[in-house]
Amino acid sequence: MSVAVDELEHLDDAEVLRQLEAARRAMSADLLRDPVTLARGLDRTYRMRPHLRVIGDALAEVGRGEVDRLLILTPPQVGKPVYDQSVILMGDGSRKPIDDVQVGDFVITHEGRPKRVTAVHVQGNLPTVQITTHSGRQTVAALDHPFLTPEGWVNAGDLVPGMSLATVPRPATNGDSGLWPEAARLMGYFVGDGNTSQIGTGSFNCTITTASDGVEKEVRRCADALGFTVKLSEAKKYTQGKVRRLNVSGGVRQWLEEHGLARKNSYSKRVPEAVFRSTPDVIAEFIAGYWDCDGVVSSRGKDRAGQPRKDVHVELYSVSRELLHDVQHLLLRLGIRSMIRLKKGTYNDAEHISYRLAIIARDDVAKFRELVTLAHEKRAETLAAHTLPRTEFDPRLMADPIVSVEPYGEQPCRCLTVEDDHTFTSDDLVVHNSTTVAEWFPFWWLCTYPGDKVAVTSYGDDLALRRGKRIRGYVEEYGDEWDLRMKPGSGAMQDWEVTAGGGVRSVSVGKGLTGFDVNLLIIDDPHKDRADAESEAARRALHDWYSSAALSRLQPDRSAVVAIQTRWHPDDFAGRRIEEEGRIGDGGRWKVIHLPAVADPKFGPDPLGREHGEPLPHPKIPTRDVARLRGWWANKKQTSIVRDWHALYQGDPQPAEGALVSEELLKLLRDTSTPVEPQKIAVAIDPSGGGRDTAGVIGGYLGDDGRVWVTDDDSGPMSSAEWSSAACMLAYRTNAAVIYVEWNFGRDMCVLAIQTSWEMLQNEGMIPKNVLMPSIAPVRAKQGKLLRAEPIAQQMVQDKVRFRGVFTDLEREWATWQPTDPDSPGRIDASCILVYGLIPDANDGAIVHAPLPKAPQPGRQASAASRYGRQVATPGAGTAGGGGGRRTRR
């Protein structure tokens, strides 16, 4: 403040107030210097970074009328974080803590479908809140992580009791554990009334106790189906009363060990992992078995007329809250709502804590009756008496009201970037990974030009609506300082006005601007995902909408277009605008702020003045911590396919035609049915330089047809100890005779790592002692990535390489790697080494630059069969074809 205190002492009160007000207004005006300054002044959590200053300055140029077209091209914004122990529902039905989820995994989105994780963001320790819902669910998330509510996406820090969060009933998981219904039901009996406690220092009990004839019959039926034996205990207390103990034997101990049910008590039992990865009918069998033991089905008494009520209580009791949360999730998989409550009591004159899970509503009880068949006589009879019909249709989402939101301190957090709709479920609640770039600028514009109309568009209505709601929130919270107030009666979240005549309309690209005069058009993430960007029809529709509907709404007095996006395709929104209208620096119209993750001189002068190879700043990483920034972006590169790295992170999408091999050809190389006699089985390794690098570990064989058949891909980010162990286990599993190693890297170190891992695995019992280690052979491939990869691409074109299955990651790398990229992924290098090892002549072949064919030459299409066409050999036994397998010690 420029007014000195000692000067104010000589002024009258009116003059003091006038000068103070003038100083306040000067400060407010200073905040409107640019959107970033405004955000920093009003939001204490806003973290300033150099690239945000560059963006803020460019946006201010638009506001001053110096630029009327602005493109901001950045890597994907950092996802919003959740607690790293939050449980994520995977595409196969299993559940993982978020810190175990990896790029390439599939997770269930709010649409109930599996979608691929394209990035994992480690956020470090952040302030969090713990959210508890009416059903008893609890989750922990950072303050800025959005949750889906009936009114749209709301950040965790803005949630309050009374709001409802979304859960996903009946998700379309694609897992199939192969678990029999009888096995799932028997698991339920062991979880409920089973005794698997430790006996001495070795074995453990395998008994189930019941007083129900129906349950005993089911236990015997399920055990018999699995080849187990059930005998009635001859102990006196079990032969003279109704309660009986069933002793299960005949291999059941190994089965219980495999499914995590051995040596457990009431506090430590959990639902076996295989149940989560099962189909709904198998899940219902587990629930039936457990409910037969620990469940309650009881009448609700009489109605006001004194008649027996037709609805019933359906409940489950346990001392383990975690176990009931498992069951609650399984019920949701069947579309059944339930809630968990604490139950306090006394036992042996001491306080006893347990938990009660209750089916919530009459409609849920009706679903339970339809899907879950109980064997316990009394419970089955009472449930059957529940004759009230269902009154509700199955919803796509189910609401779970919030009962509390409490601070939870700083916790380690991370987030996922998910393809398509960018959502996933955390502790059964739907959350989102998002950006906030398009929110402060429209608010700043309205503060500067309150009579202007702003259109905020994005790929989807939900995202655009959330932008509009956040901007409106800024107006309501901060707008008075700049005489910006909501117009009375302007209640719609997606279309509202301020008293000065301006306003905001939030819609998805392609619709919603008819009749709305636009001064500022913001296009935020116009492409939903890669599939959308690569669809020629979708791109044409977007370009047509922009050139006709969008541009036609711009006003002559003041108008501008600002687009903020991640690049996907050469002809995406940004690509077409630059192609048709050009950059300002080249005499065109668009000012382009291109911020690649790693500076590269081929993009021209860097907006931040970075030298070649310097990293882009990150909102969650201090700018001075260059090593951490380099590590962050290096990790993004290692965990992204080559094509995504160039497009999403470098803003330089490459045409698919630039790859050595087309996707169409790779699909045609899949052949799982042609009978082939392996002549030589091998494993090929492209060693990683460290735990962050992807090590290529590829298995395959040379067939009697002269082709190389790829059978396995065990590649991944691994240390030397990890990739050498993975290669040894793959060699043992496939009965490989040789391990090929790229001799241009590491030489003796590779041999030592493999020998050490083989010995260690034999000492640990993972590989039998009598199995000889395969020979280790060097492959001296040509120096240079292109010189090495292109001959193998020609082998594919000539139909000399085929795939014994679908290898998504390997195929994607071959179809997206650009010959101009100095780095090639480990899978490509390892597959090259495999072919060079099995067909040495390939290393001597001429390099021919050929167009991408649509089919192998010649080619034949095949469908399902075993990986080898027949069983080649079992581990430890020799193979018949040409000495292809290992030998064992005699």
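Helices (H or I, at least four residues) and strands (E, at least two) are DSSP runs, numbered from the N terminus. With that in hand, we can place Arg-170: it is in the loop between β10 (164-167) and α5 (181-193).

Before going further, a word on what you're looking at. This is a predicted model, where local features need pLDDT of at least 70, side-chain atom pairs count only at pLDDT 80 or more, and totals for chains, interfaces and linings use all residues. Residues are numbered from 1 along each chain as its sequence is written, and side-chain values use heavy atoms, with hydrogens and water left out.

## The whole protein

The protein has 26 helices and 34 strands. Of its 890 residues, 53% count as buried. Buried means under 20% relative accessible area, exposed means over 50%, and partly exposed is what lies in between (1.4 Å probe, protein chains only). The accessible surface adds up to about 38100 Å², and 49% of that belongs to carbon and sulfur atoms. Such areas come from the Shrake-Rupley method with a 1.4 Å probe; for residues, only the protein chains shown count as cover.

Now for contacts, meaning heavy atoms within 4.5 Å. If you take the contacts between residues at least 6 apart in sequence, 70% of them join residues at least 24 apart.

## Two loop residues with positive phi

Back to Arg-170. This residue isn't a glycine, yet its phi is positive, at about 50 degrees. Arg-170 is partly exposed, with a relative accessible area of 32%.

Asn-735 also has a positive phi without being a glycine, this time about 65 degrees. You'll find Asn-735 in the loop between α22 (720-734) and β32 (738-742). Is Asn-735 buried or exposed? At 1% relative accessibility, Asn-735 counts as buried.

A third loop residue is His-612, between β27 (591-594) and α19 (626-638). His-612 is exposed, with a relative accessible area of 59%. Its C-alpha atom is separated by 5.1 Å from that of Ala-599, and these two residues are 13 residues apart along the chain. Not counting residues up to four places away in sequence, His-612 touches Ala-599, Asp-600 and Pro-601.

## Inside two helices

Helix α3 (residues 35-42) has six of its eight residues buried, so it is largely enclosed by the rest of the structure. The buried ones are Pro-35, Val-36, Thr-37, Leu-38, Ala-39 and Leu-42. At the start of α3, a side-chain oxygen of Asp-34 comes to within 2.9 Å of the backbone nitrogen of Val-36.

Next up is Glu-218, in helix α6 (residues 213-225). Glu-218 counts as buried at 14% relative accessibility. Which side chain does the side chain of Glu-218 make a polar contact with? The partner is Arg-185, at 3.3 Å. (A polar contact is a pair of N or O atoms within 3.5 Å; within protein, one must be able to donate a hydrogen and the other to accept it, and residues adjacent in sequence count only if both atoms are side-chain atoms.) Leaving aside neighbours within four places in sequence, Glu-218 is in contact with Arg-185, Tyr-189 and Ala-375.

## Rings and charges

A search of the whole structure finds 18 aromatic pairs. Rings of Phe, Tyr and Trp (its six-membered ring) pair if their centres lie within 6.5 Å; planes under 30 degrees apart count as stacked, over 60 as edge-to-face and the rest as tilted. One of these pairs is Tyr-546 with Phe-573, edge-to-face, at 5.1 Å centre to centre and 90 degrees between the planes. Tyr-546 lies in helix α17 (residues 536-550) and Phe-573 in helix α18 (residues 573-581), so the pair ties together parts that are 27 residues apart in sequence. Tyr-546 is buried at 2% relative accessibility, and Phe-573 is buried at 0%.

Elsewhere, ring pairs link Trp-440, Phe-443, Tyr-474, Tyr-478 and Trp-482 into a cluster.

Charges can sit over rings too: NZ of Lys or CZ of Arg has to be within 6 Å of the ring centre and within 35 degrees of the ring normal. Here are two cases:

| Charged end | Ring | Distance from ring centre |
|---|---|---|
| Arg-253 | Phe-204 | 5.8 Å |
| Arg-804 | Trp-709 | 4.5 Å |

## Cysteines

How many disulfides does a search of the whole structure find? The search finds zero, where a disulfide is a pair of cysteine sulfur atoms within 2.5 Å. Cys-222 is buried, with a relative accessible area of 0%, and Cys-293 counts as buried at 9%.
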